[in-house]
Number of protein chains: 2
Amino acid sequence: MSDFPKFVEFREEGPREGFQIEKKIYPIEERIELIDMLSETGLKRIQVGSFVSPKYVPQMADTGELFQRIKRKPGVNYTSLWLNDKGFRKALTAHEVDIDPRLLFYPSEAFAQSNNNCSSAEMREKQRDWVRLYKEEGYTVDAAYVMTAFGCNLEGPIPQERILDDFRFILQLCEEENIPVPILVVADTMGWGNPEAVKRMIGALRELAPEARIGMHIHDTRGLGIANVYAALSMGVDMFESSVAGLGGCPFAGHGHARAAGNVCTEDAVFLCHELGIETGIDLDKLIAAAVKAEEIIGVPLMGRVMHTGGLDKYRKSL
Amino acid sequence: MSDFPKFVEFREEGPREGFQIEKKIYPIEERIELIDMLSETGLKRIQVGSFVSPKYVPQMADTGELFQRIKRKPGVNYTSLWLNDKGFRKALTAHEVDIDPRLLFYPSEAFAQSNNNCSSAEMREKQRDWVRLYKEEGYTVDAAYVMTAFGCNLEGPIPQERILDDFRFILQLCEEENIPVPILVVADTMGWGNPEAVKRMIGALRELAPEARIGMHIHDTRGLGIANVYAALSMGVDMFESSVAGLGGCPFAGHGHARAAGNVCTEDAVFLCHELGIETGIDLDKLIAAAVKAEEIIGVPLMGRVMHTGGLDKYRKSL
């Protein structure tokens, strides 16, 4: 009935998502310590920061320095985000950035406009330019993201067919440009997904691209994050982007002292996998220690659950 | 493939679970206001407090007064907890308590001893006495709980067969005492459950008691609460006990300023149901307002998600 993968890859976005969203700039030493702790957990890909305009995102201005100062663990990829050609050039010339070329699709017209100041269709065409730019630099596309795949705060519900249409475009683009199909990432950018919608979307995407690897970027905005991970796992999804301790929640959303949830919490999702018998290569206790460190840095309670209680292995072992 | 119910009943435990666990005693006026707000949400059963020893649980000493001062909404049941004969008598003589007779089973030997100072088997036999006592007072048993149904921090993992054995005992007891089978409640008292374990347990219980109504009491201790609700829904479970805002988390567990999660969060679970097209009779916006009130009372961020962002209807309606 279900099609759980044997092994699931988690890609850690906490160091970028978590600190980019905060108004405060946290000491670089603290962020280095967190990344170094994450390096020891078994995670194989950590997004360290973002090469974006220091004018608009001052929190990420020291991303280059971060790449110089973190302690690299062999086998771990240290990646970064960029949003334009200039950012990509910065990543290329910065100290040992593991380049993971991405394509980004914006099926929500309103979100395309507000985020990129161009239409959905224009963003599509720009992705062709990215493919060529990556090629020129000797890279192939690692992952292609279709954003707001379950709906958008700015645009409202988005029909599944519209999402699938972007994925069709991706497959066609790969054929035209003669590159391998990247990981197809269904991104629930604004936390609109529910487990049944996830199943329907992944099922339809599998029909469209039976050979492709499918990943998900999940936000836990409305509490369904882990249920959505579970639904995706049951459909064979084996790559998730997530944030340690749930870093990345919006500190000022909601009601005063409370925080809105952001990316789905890495250690809660890892705990789910382990309880389901799915391997992740991650040491949950070490990951929990990193989550606790993240909470210490931010200085307010974070939304992760298992970080505040611990997993179950200690009870199983001791009894 | 799945067997979602059309309508799900939520039984609200926040006012008891939430304040019983705190060291502080919150002003009765505040708790009355919260209960009155909950009464307006569409919830049909609210556990107001607990008739237990005021020496050991001073937070619940004014439960009798609460029952006198809350504003009753027609159609809503205002219930309470009791743990012994004396507590039950107090509930019977207090001001308009809606009596919901319960049976409690402790398959974990260690938990039975620590909570009740007697063995698992002795607790079983005591339930027979409760059935008779309820009968004498003119009540039939409403629900029978098997605690720590997925494992116990004190005892470790508990085989499913041991849990089913308690349910078998319940069915036999009902036959012997010639009473209707109550709601069979699978209680994940310590947050050991995962969605697959939930499916296995509910599936086995359905085979055992095909005609019985099955409910769940779910704790979100390790982040799998909503995924477990989803799994239970897919098996047709149509009654859940939960807490508004996730009230009931342990304020002192974990790492200093952070809180461990307690009961699964009512409004997040209600949001899940609505997104799945399952009716609850509950107004999500009103429930979120009550959750925000609960957070104001406690004065620290609570673990609920959708209370900090709101649901999706506003986007659907306005666009």
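What follows walks through a predicted model of two protein chains, A and B, from the overall build down to single residues.

Start with chain A as a whole. Its secondary structure comes to twelve helices and eight strands. Laid out along the principal axes, the C-alpha atoms of chain A fill a box of roughly 55 × 50 × 40 Å. The radius of gyration of chain A is 19 Å, which agrees with the value near 20 Å that a compact globule of 319 residues would have. Burial is worth a look too: 64% of the 319 residues in chain A are buried. The contacts in chain A reach a long way along the sequence, since among those between residues at least 6 apart, 73% join residues at least 24 apart. As for the outside, chain A exposes about 12,100 Å², and 50% of that area is supplied by carbon and sulfur atoms.

Now for how the two chains sit together. Two copies of a chain are related by a rotation about an axis and a shift along it. Here, a turn of 180° with a shift of 0.0 Å along the axis lays chain B on chain A, with an RMSD of 0.0 Å. That is the relation of a two-fold axis. Both copies use the same surface, and 100% of the contact residues of chain B turn up again in chain A. Which residue of chain B comes closest to the rotation axis? That is B:Ala227, whose C-alpha lies 2.0 Å from the axis.

On to the interior. In soluble globular proteins, nonpolar side chains tend to be buried together. The largest nonpolar core in this model holds 226 residues. Within that core, the residues with the most contacts are A:Met216 and A:Phe240, along with B:Met216 and B:Phe240. A:Phe240 makes a good example of what such a residue touches. Leaving aside residues up to four places away in sequence, A:Phe240 is in contact with A:Val8, A:Glu9, A:Phe10 and A:Arg11, and also with A:Met216, A:Ile218, A:Val229, A:Ala232 and A:Leu233.

Some of those partners belong to strand β1 of chain A, which spans residues 9-12. Side chains leave this strand in two directions: A:Glu9 and A:Arg11 point one way, A:Phe10 and A:Glu12 point the other way, and all are buried. Strand β1 of chain A pairs with β8 of chain A (residues 239-242) in the parallel sense, over four bridges. Across that pairing, A:Arg11 stands opposite A:Glu241 of β8.

Chain B offers another strand covered on both faces, namely β5 (residues 143-146). On one side of β5 sit B:Ala143 and B:Tyr145, on the other B:Ala144 and B:Val146, and all are buried. This strand has two pairings to report. β4 of chain B runs parallel to β5, and four bridges join them; among the matched residues, B:Phe105 has B:Val146 of β5 as its bridge partner. Strand β6 of chain B (residues 183-188) also pairs with β5 in the parallel sense, again over four bridges. There, the bridge partner of B:Ala143 is B:Ile183 in β6.

A couple of backbone angles stand out. Most residues other than glycine have a negative phi. A:Thr148, however, has a positive phi, near 40°. A:Thr148 sits in the loop between β5 (143-146) and α7 (160-177) of chain A, and its relative accessible area is 0%, so it counts as buried. B:Glu96 is likewise not a glycine, yet its phi is positive at about 45°. The loop that holds B:Glu96 runs between α4 (85-93) and β4 (102-105) of chain B. Is B:Glu96 buried, partly exposed or exposed? With a relative accessible area of 47%, B:Glu96 is partly exposed.

Two helix residues round out the picture. B:Ile298 belongs to helix α11 (residues 284-298) of chain B, and it counts as buried because its relative accessibility is 7%. From B:Ile298 to B:Ala232, the C-alpha to C-alpha distance is 30 Å, with their positions 66 residues apart in sequence. A:Lys317, in helix α12 (residues 313-318) of chain A, is exposed, with a relative accessible area of 69%. A:Lys317 and A:Arg31 are 286 residues apart along the chain, and 33 Å separates their C-alpha atoms.

How values were computed
Residues are numbered from 1 along each chain as its sequence is written. Chains are lettered from A and ligands numbered from 1 in the order in which they are written. This is a predicted model: local features need pLDDT of at least 70, side-chain atom pairs count only at pLDDT 80 or more; totals for chains, interfaces and linings use all residues. Side-chain values use heavy atoms; hydrogens and water are left out. Copies are superposed by least squares on the C-alpha atoms of residues with pLDDT of at least 70 in both. Contact means heavy atoms within 4.5 Å. A nonpolar core is a set of buried Ala, Val, Leu, Ile, Met, Phe, Trp, Tyr and Cys residues joined through side-chain atoms within 4.5 Å. Buried means under 20% relative accessible area, exposed over 50%, partly exposed in between (1.4 Å probe, protein chains only). Two strands pair if DSSP finds at least two bridges between them. The radius of gyration is taken over C-alpha atoms; the globule rule is 2.2 Å times the number of residues to the power 0.38. Accessible areas come from the Shrake-Rupley method with a 1.4 Å probe; for residues, only the protein chains shown count as cover.
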